[in-house]
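Visitor: Hi! Could you walk me through this structure, one piece at a time?
Guide: Happy to. Have a look at it first.

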Amino acid sequence: MARATHRNTRPSRRLATFAFVAVLGVSAGAAGCANGQTAIGPLPAGGIHVLFIGNSLTYVNDLPGTLASLAASAGDTIRVRMVAGPNLALIDHVTGSTNAVSVIRAERWSYVVLQQGPSAQQLSRDTLILAARLLDPDIRAAGARSASYMVWPAHADLADFDDVRMSYLLAAQAVGGLFLPAGEAWRAAWAVDPTLPLYGADGFHPSELGTYLAALVM
């Protein structure tokens, strides 16, 4: 997977601090390819192996590659794979819309990052939790722990932030997984500087800065 390139200048240390504060304050008590298919087979030995399963909120700006590049800049090795497709809910990966289950089973992973849309409504929350539970036995059999990647609502639905957070927190708790509060980091950043352009042009997908902040949380 090609690593992301960043046209923006490197964000300030203050942005990294926002991410760190959000992780400490929120998660301490908490429990590919963009076409939906990815290669199956072992990654190179060494480092932390992380599989991302999600949709365009993961593959826009190449979040996995951004995380790997960020780790490399700090002298660490994170090897990544991604199974993601447009408009996919996590349950779609379970029911065969992608080869996510086969990819989980084909490798020894350290973490499997799970993501769908904002999931602020009860039905989408329920399916997120159900899908996390259905994937968890294979994730554990692969030697990994699941990680729920909290995203954010569309800009037009900012009032939904708390419900988005609760959905991903409950999904993490349901399987004893990690809670990755990227959406909370966005809110922490805006609390200090409301002008930070974390959304992309469509008001839903992340800008490169938004993806970078999500990678900092991870």
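**Strands side by side**

Guide: Let's start with one residue pair: Leu51 stands opposite Val112 in β3. Keep in mind that this is a predicted model.

Visitor: OK, and which residue is the bridge partner of Ile53 in β3?
Guide: That is Leu114.

Visitor: So how many bridges join β1 and β3, and in which sense do they pair?
Guide: Four bridges, in the parallel sense. Strand β1 covers residues 48-54, and strand β3 covers residues 111-114.

Visitor: Back to Leu114. What is its bridge partner in β4?
Guide: Ser148 is the partner there. Strand β4, residues 145-149, pairs with β3 over four bridges, in the parallel sense.

Visitor: Which helix makes a unit with β3 and β4?
Guide: Helix α6, residues 122-141. Together with β3 and β4 it makes a β-α-β unit, and that unit is right-handed.

Visitor: Zooming out, what is the strand order in the sheet?
Guide: It reads β2-β1-β3-β4-β5, an open sheet of five strands with parallel pairing.

Visitor: And which strands stand at the edges?
Guide: Those are β2 (78-84) and β5 (178-180). Each has a single partner strand, so one side of each is left without a neighbour in the sheet.

Visitor: By how many degrees are neighbouring strands turned against each other?
Guide: On average by 25°, with direction ignored.

How values were computed
Residues numbered from 1 in each chain as written. Predicted model: local features only at pLDDT ≥ 70, side-chain atom pairs only at ≥ 80, totals over all residues. Heavy atoms only, no water. Pairing = 2+ DSSP bridges. Helix = DSSP H or I, 4+ residues; strand = E, 2+ residues; numbered from the N terminus. Axes fitted to C-alpha atoms, helices over the stretch in contact; angles between N-to-C directions. Right-handed = clockwise from strand over helix to strand, strands pointing away.
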